[in-house]
Amino acid sequence: MRDAVLAVERFGLGPKPGQVAKIGRDARGWLTTALSAPAPTLAGPDGGAKVLATMLRLANSDAEALARVGRAEARPIFVADVTVRMRAAVQSDTGVDERLVHFWSNHFTVSTTKRLIAPTVGAFEREAIRPHVFGRFADMLFAAVTHPAMLVYLDNFVSIGPDSLAGRRRGRALNENLGREVLELHTLGVSGGYTQSDVQGLAQILTGWGIRREEDGSPGATVFRDVTHQPGSKTLLGKTYGEGGEAELKAALSDLARHPSTARHIATKLTRHYVADQPPAAVVDRVARRFLETDGDLRQVMLTLAASPEVWATAWPKVKPPHDLVAAIMRMLDLGETALGRIPAVLQGFDQMTWSARSPAGWGDTAADWIAPEALMKRIEFGDQVARRVPVQDSRDLATRLFGEALAPATRFAVDHAESATASLALLLASPEVQRR
Amino acid sequence: MLNRRTLMGSAAGLVALPQVSFAQGVGERRLVFIFLRGALDGLAAVPPVGDPGLQRLRSSLVPDGALPLDATFALHPGLAALLPWWQARELAIVPAVASPYRDRSHFDAQHLIETGGDRPRAAEDGFLNRALAELQQPQGQRLGLAVGSSVPTMLRGATPVASWEPQVLPPAEPGLIAMVARMYAADPLLSRTLAEGVRAATMAGDVLGETAGAGQQRGVAAVRQIAGAAGKLLAAQAGPRVATLDIDGWDTHTNQPNRLGLVLPLLAEAMVALKAELTPVWRQTMVVVLTEFGRTVRPNGTNGTDHGTGSVAFLAGGAVRGGRMLGDWPGLQDGQLFENRDVRPTVDLRAVLKTALAQQLGLSSASLDQRIFPGSAAVRPLQAVV
């Protein structure tokens with residue numbers, strides 16, 4: 001029973017009522033099955049790419065029209081995407097697949113802090129992340145780096161090779177933003193052994209990757225343009241990539257994907273996410289080794305992580321970020337479509353609006369990032385507000401159906417002795433079992 | 001009307017607002033840190049218009065209508081509200097400052113600055129938290145305040161601090177909070193944080209009243225709300241003495257002039273709002289504005305700038321002897337740039353931070369050199385700032 005709770009909390013998005021009893025004794029078998037699922041694909045609103053193309057045109061010409069399109073066209077797509085994503089998190093049987101989507105989406109952060117990409121951030125996750133969470137890291141990396149949302153977010157769409165046709169004609173130059181973040185955040189990690197000249201080498205390789213304009217056909221889609229691509233050979237991590245047009249990027253990203261520093265960086269982040277704020281070195285080593293052995297097969301990597309004894313040794317070491325706290329509460333209480341409609345406002349209130357992290361490094365993944373005094377008050381107040389609106393049944397019974405014997409005596413006491421059904425539910429929602437994982 | 005936050009705090013039995021004297025060394029002095037995350041382009045904020053290299057290397061990025069400060073420097077028009085501060089000698093500017101970090105990762109640079117180390121990831125707790133640990137924090141008082149939804153790294157650590165952000169949800173009933181506190185007894189992180197949350201809420205309720213902090217604002221209104229609340233809390237008698245707040249939006253890789261034209265006024269608004277609330281103690285107040293590094297001197301291909309090295313820092317307030325530039329200007333001529341791309345720093349950011357901590361918190365050079373910024377004995381505070 002304890003292992004079943006641990007499995008759904010640590011790897012999923014929290015239990016549904018009765019789920020833990022159903023899993024029973026074979027928690028590891030349940031987790032293996034959950035990690036053997038097909039890619040969690042998802043349908044979302046159409047038309048984001050076209051709106052992106054329109055907004056990119058207006059960004060240089062008509063600020064008023066841009067704001068209008070942002071409100072009338074981009075915002076509804078974004079809100080629909082946020083809602084669809086939360087519905088998937090709530091409806092997923094195991095939660096394990098959606099949790100992986102959240103992890104990788106955060107690893108490859110795109111953020112509406114750059115407002116232009118609001119209509120495509122949902123598509124980014126659906127198109128670049130979801131197909132690959134049980135696939136190969138190299139494929140996800142290429143899909144993420146070349147997605148329109150990323151090319152705009154990190155400014156690559158306007159980066160021009162200085163010696164390209166367009167560069168010579170217009171006297172334009174590189175923008176090294178995406179090149180730097182691919183090395184620092186997406187692959188090698190900041191101490192992964194690259195230099196400023198590697199940043200520029202990758203930025204040169206990335207030139208040419210841009211966005212189709214409205215008049216181009218398939219507006220808002222990714223395009224490779226020779227006229228802006230820096231000609232000639234480029235050097236990255238001591239290796240020379242001969243002039244190869246759009247093929248250069250795939251080759252460079254494949255090499256980065258199988259670099260030992262990348263394996264270590266990814267293993268560290270996965271271990272921090274799933275095991276502990278201070279990732280145990282033994283787990284990181286094991287996961288990194290598996291990453292290298294399997295050439296970045298993310299299903300194998302996750303199975304290795306799940307089989308690590310350290311995972312099963314400690315209960316509740318991590319804190320749920322607000323988004324996942326909200327998802328867990330919705331899973332517990334089976335809150336329906338009306339509640340989903342309020343999700344964007346709720347996430348905004350928690351300062352964790354989907355796809356809106358403050359920087360390309362994404363959301364923090366430790367307790368210190370989320371458990372500040374005011375933030376904890378807000379989490380408790382949120383549970384209280386939910387409890388006031390949801391006609392719950394019996395929280396004492398609900399607590400048992402969620403956590404069974406894993407429920408701490410102090411939580412059991414609080415839920416059993418609350419002065420009202422509302423207070424009882426508010427306490428359950430505030431409990432360490434719900435706040436942590 | 002009874003303040004629900006106050007009621008909650010006292011009824012929960014977790015808080016007793018103290019009436020005790022302030023810590024030795026702090027007295028009535030206030031210290032505010034405004035961290036500009038994303039790396040401010042110092043050359044745009046305080047353009048050295050008297051340096052011929054400026055027009056030669058970045059003509060497209062030189063702001064129109066810059067306000068002259070001295071023979072060399074001018075102020076970006078977005079910071080016009082701070083020109084009277086300069087004239088009243090309440091604003092000093094360090095034109096070429098950087099931390100010891102010489103690579104160009106935002107995240108490592110911020111982490112290094114905030115943890116007070118001389119290399120990335122050397123420590124986890126914040127220099128400001130260690131500085132507070134050197135003071136005798138009066139029983140029940142929290143000298144440190146983080147304004148915003150999370151506590152920034154510089155304020156994280158063993159010393160408990162308060163945090164504040166606009167209230168978005170109705171407060172829970174006091175009885176419920178008391179029961180939650182009991183439920184958290186075996187969970188050190190949650191119980192400690194809840195106690196701090198109740199304490200901060202009580203303080204905020206007392207000082208700001210029921211509605212002052214209500215609701216989230218956007219843009220300029222949000223900055224005024226947040227900085228104004230920080231000022232009110234700092235001004236309160238048993239309130240915090242040191243506060244941090246963040247302003248984002250400085251990573252101007254593209255279209256820099258437009259973007260800075262939007263965010264620089266937010267910085268000025270924040271400082272004006274702080275001053276308005278801190279008027280009674282303005283002579284004892286210092287505001288430090290810092291960023292993780294500067295940006296390239298030359299524009300990149302998209303009329304923006306990429307990650308660089310030297311940037312500016314501001315020291316402002318009634319406790320500052322301002323109206324002047326601090327530290328040498330390295331120049332923008334050939335051979336004067338760092339790695340032929342960035343402003344060469346002439347002042348270590350830790351010197352700026354030490355100056356502020358020594359002056360405002362009365363910390364000794366022994367504690368500054370060894371515990372707050374370990375291994376920094378060679379980095380001396382700026383002379384004659386205050």
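Start by selecting B:Val147 and B:Leu245: in this predicted model, B:Leu245 is the residue of S7(B) that serves as the bridge partner of B:Val147. Those two residues are your way into a pair of strands. Strand S5 of chain B covers residues 144–147, and S5 and S7(B) pair in the parallel sense over four bridges.

Now select B:Val32. Which residue of S7(B) is its bridge partner? Pick B:Ala243 and you have it. Widen the selection to residues 30–37 of chain B, and you have strand S1, which runs parallel to S7(B) and is joined to it by seven bridges.

So what about S7(B) itself, buried or exposed? Select residues 242–248 of chain B: five of the seven residues are buried, so the strand is largely enclosed by the rest of the structure. While you have side chains switched on, here is a rule of thumb for strands: in a regular one, the side chains alternate between the two faces of the sheet.

**A leucine in a helix**

Next, go to residues 256–278 of chain B, which form helix H10, and pick out B:Leu266 within that helix. B:Leu266 has 20 C-beta neighbours inside 10 Å, so it counts as buried. Which residues does B:Leu266 touch, leaving aside those up to four places away in sequence? Light up B:Val220, B:Val223 and B:Ile247. For a longer view, add B:His106 and draw a line between the two C-alpha atoms: B:Leu266 and B:His106 lie 21 Å apart in space and 160 residues apart in sequence.

**An arginine in a loop**

Stay in chain B and select B:Arg89, in the loop between helix H4 (83–87) and strand S4 (91–98). Its phi is near 60°, a positive value in a residue other than glycine. That's worth a pause, because most residues other than glycine have a negative phi. B:Arg89 counts as partly exposed, because it has 13 C-beta neighbours inside 10 Å.

**Zoom out on chain B**

Time to show the whole of chain B. You'll find 12 helices and 11 strands. Its radius of gyration is 21 Å, close to the 21 Å that the globule rule gives for 386 residues, so chain B is as compact as a globular protein of that length. The C-alpha trace spans about 70 × 40 × 35 Å along its principal axes, and 56% of the 386 residues are buried. Take the contacts in chain B between residues at least 6 apart in sequence: 75% of them join residues at least 24 apart.

If you color by confidence, chain B has a mean pLDDT of 88, with 90% of its residues at 70 or more. Then select residues 1–24 of chain B, where pLDDT stays under 50; the model has 60 contacts beyond four places in sequence for this stretch.

**Over to chain A**

Show chain A next, with its 26 helices and four strands. The radius of gyration here is 23 Å, close to the 22 Å that the globule rule gives for 437 residues, so chain A is as compact as a globular protein of that length. Its C-alpha atoms fill a box of roughly 75 × 50 × 35 Å. Buried residues account for 56% of the 437 in chain A.

Select residues 137–145 of chain A to get helix H8, which is mostly covered, with seven of its nine residues buried. Among those buried residues are A:Phe137, A:Met140, A:Leu141 and A:Val145.

Then jump to A:Trp355, in the loop between helix H20 (343–349) and H21 of chain A. This tryptophan has a positive phi, near 55°. Buried or exposed? A:Trp355 counts as buried, because it has 24 C-beta neighbours inside 10 Å.

**Where the chains meet**

Last stop: show both chains together. Here 47 residues of chain A are in contact with 45 residues of chain B. On the chain A side, several helices each supply at least two residues, including H11 (177–186), H22 (373–389), H24 (409–417) and H25 (421–430). Which helix gives the largest share of that side? Select H22(A), which supplies 11 residues. Color the chain A side by residue type and you get 25 nonpolar, 10 polar and 12 charged. As for the scores of the model, ipTM is 0.90 and pTM is 0.83.

Conventions. Residues numbered from 1 in each chain as written. Chains lettered and ligands numbered in written order. Predicted model: local features only at pLDDT ≥ 70, side-chain atom pairs only at ≥ 80, totals over all residues. Rg over C-alpha atoms; globule rule 2.2 N^0.38 Å. Buried ≥ 20, exposed ≤ 12 C-beta atoms within 10 Å, placed from the backbone. pLDDT = per-residue confidence, 0-100. Contact = placed C-beta atoms within 7 Å. Nonpolar A, V, L, I, M, F, W, Y, C, P; charged D, E, K, R; others polar. Pairing = 2+ DSSP bridges.
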